[in-house]
Amino acid sequence: MNNQKLIQFLLGSKLVSQQTAGSIAASFAWKEIKKNEFFLKEGRPSDEYLFLETGFMRAFAHDTEGNDVTTSFYAANQVVFEVSSFFNRSISRENIQAIEDCCGWMLTYEQLNTLFHTLPEFRDFGRSVLVRGFAGLKTRVLSMITETAEQRYDNLLKTNPEIFQHAALKHIASYLGITDTSLSRIRKEYSKK
């Protein structure tokens, strides 16, 4: 398999040199996940760190009533892993499932730690991935508190339009914290603008 997209992703951070990017990429293994297969199932520890080259995934958890609530979406050229379980070596309360056939480059927890401790450039890269992820999560939490459903829909449409091409509307609704009916109403009103 050609790992050029992974190398380009590493170089895009501006924290990794060409030579180091090649060394890092050589540590990753190719992984394929078929549509509807789980990359991670709740009740197991997260042990894989994936650069998603193609495909689309959804993360979700179950609320206290057993409803499935979407917590995140992952598109090509993103890193996929459940950060809390992965780094705390704990059981995951979240699922990550392929919405369509996916493939990408994967490291185990042990391999990632080896790279962290031996390559300062990878440590800087990893830190930047975590900071971006944390900032995105903080923005999402605040939007759930400070924005209306319509504003959250508008923002998602502007910042991540690919979600609407790949995900089921019920999953988008749960991600936005609204009902399917509310999402239908918002979409109808939005189309009139």
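Here's a quick tour of the nonpolar cores, one helix and some salt bridges in this predicted model.

## The nonpolar cores

Let's start inside. The largest nonpolar core has 23 residues, and Tyr 49, Phe 122 and Phe 125 make the most contacts within it. Several elements give two or more residues to this core, including strands E3 (48-54) and E8 (102-108). The top contributor is H1, with five residues.

Take a look at Phe 122: leaving aside residues up to four places away in sequence, Phe 122 touches Ile 24, Leu 107, Leu 112, Leu 115 and Phe 116. Apart from this core lies another one of 16 residues, with Phe 73, Ala 149, Leu 156 and Leu 176 among them.

## Helix H4 and its two sides

H4 (109-118) is one of the helices that feed the largest core. Its buried residues are Leu 112, Asn 113, Leu 115 and Phe 116. Looking down the axis of H4, you'd find them within an arc of 160°, so they line one face of the helix. On the other side of H4, Glu 110 and His 117 are exposed. And what covers the buried residues? The cover includes H2, E3, helix H3 (83-88), E8 and H5.

## Salt bridges

Side chains of opposite charge can pair when their charged atoms come close. The whole structure has seven salt bridges. In one of them, Glu 150 pairs with Arg 185, with the closest N and O atoms 3.2 Å apart. Glu 150 sits in helix H6 and Arg 185 in helix H9, so this pair ties together parts that are 35 residues apart in sequence.

Arg 185 also meets Glu 189 in a salt bridge (3.4 Å, N to O), and Glu 150, Arg 185 and Glu 189 are linked in a network.

Note on methods: Residues numbered from 1 in each chain as written. Predicted model: local features only at pLDDT ≥ 70, side-chain atom pairs only at ≥ 80, totals over all residues. Heavy atoms only, no water. Core = buried A, V, L, I, M, F, W, Y, C linked by side-chain atoms within 4.5 Å. Buried < 20%, exposed > 50% of the residue type's maximum accessible area, 1.4 Å probe, protein only. Helix = DSSP H or I, 4+ residues; strand = E, 2+ residues; numbered from the N terminus. Contact = heavy atoms within 4.5 Å. Arc of directions from axis to C-beta. Salt bridge = Lys/Arg side-chain N within 4 Å of Asp/Glu carboxyl O.
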